[in-house]
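Student: Could you walk me through reading a protein model, one feature at a time?
Tutor: Gladly; let's look at it together.

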Amino acid sequence: MNEIFQGIRPLDYVLAALTSAAGVLLMVENVTASGEDLPHPLSTTSWAMVPAFLLVTLPILWRRRNILAVVAITTVLTAAHVLAFGWITRCGVLIPLGFALAYAVGRFAGARRNQVFGLAGIVVLNLAMLARDASIDTVVSALPVALPGVALFYGIGVLVQNRVSRHSVGNAPVDERLAA
């Protein structure tokens, strides 16, 4: 059991708690809302969507261990949530979660190929979520917010990773720097 939580830092717990709490609040709002003011009527008001959405938000806890797996699991669970519950509001949590995932891809994915796969997964995540979001007119109307935000946070993650890499190389013992 201890291995599951190995390598998780306090900020990871905070990020997972914030996204999960926001997700629970958003799903409760979906359950209790009338949905009259939304571009698309709500498909369901089932309480089952609350714990199901927690499965979507919790994987970010393991972003440092395997960001590609986290992106893949989050994307698949989002698609399953969309298929299971249809038209409800998810964008208020999943767009910011996509930003956090994009930062983590830039920071932790490593090789360029992994970064491309991670970013592609985040684009699919956004498309899956926006396909049936009751608060969004069309997928195209939300993409000008979602995709530039993903690009911005990815860029920040890459900058931080480059800075950390340069800093750690500069502090390495002389013998290790010569071996590289």
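Tutor: We will go from the fold to a ring pair, then to the surface.

Tutor: This is a predicted model, where local features need pLDDT of at least 70, side-chain atom pairs count only at pLDDT 80 or more, and totals for chains, interfaces and linings use all residues. Residues are numbered from 1 along each chain as its sequence is written, and side-chain values use heavy atoms, leaving out hydrogens and water.

Student: How many helices and strands are there in the chain?
Tutor: Helices (H or I, at least four residues) and strands (E, at least two) are DSSP runs, numbered from the N terminus. Here the chain has seven helices and zero strands.

Student: Which residues form an aromatic pair that is stacked?
Tutor: Rings of Phe, Tyr and Trp (its six-membered ring) pair if their centres lie within 6.5 Å; planes under 30 degrees apart count as stacked, over 60 as edge-to-face and the rest as tilted. The structure holds two aromatic pairs. In a stacked one, Phe 99 and Phe 153 sit 5.1 Å centre to centre, with 5° between the planes. Phe 99 belongs to helix H4 (residues 91-108) and Phe 153 to helix H6 (residues 139-170), so the pair ties together parts 54 residues apart in sequence.

Student: Is Phe 99 buried or exposed?
Tutor: Buried means under 20% relative accessible area, exposed over 50%, partly exposed in between (1.4 Å probe, protein chains only). Phe 99 is buried at 16%, while Phe 153 is partly exposed at 31%.

Student: What share of the 180 residues in the chain is buried?
Tutor: Buried residues make up 39% of them.
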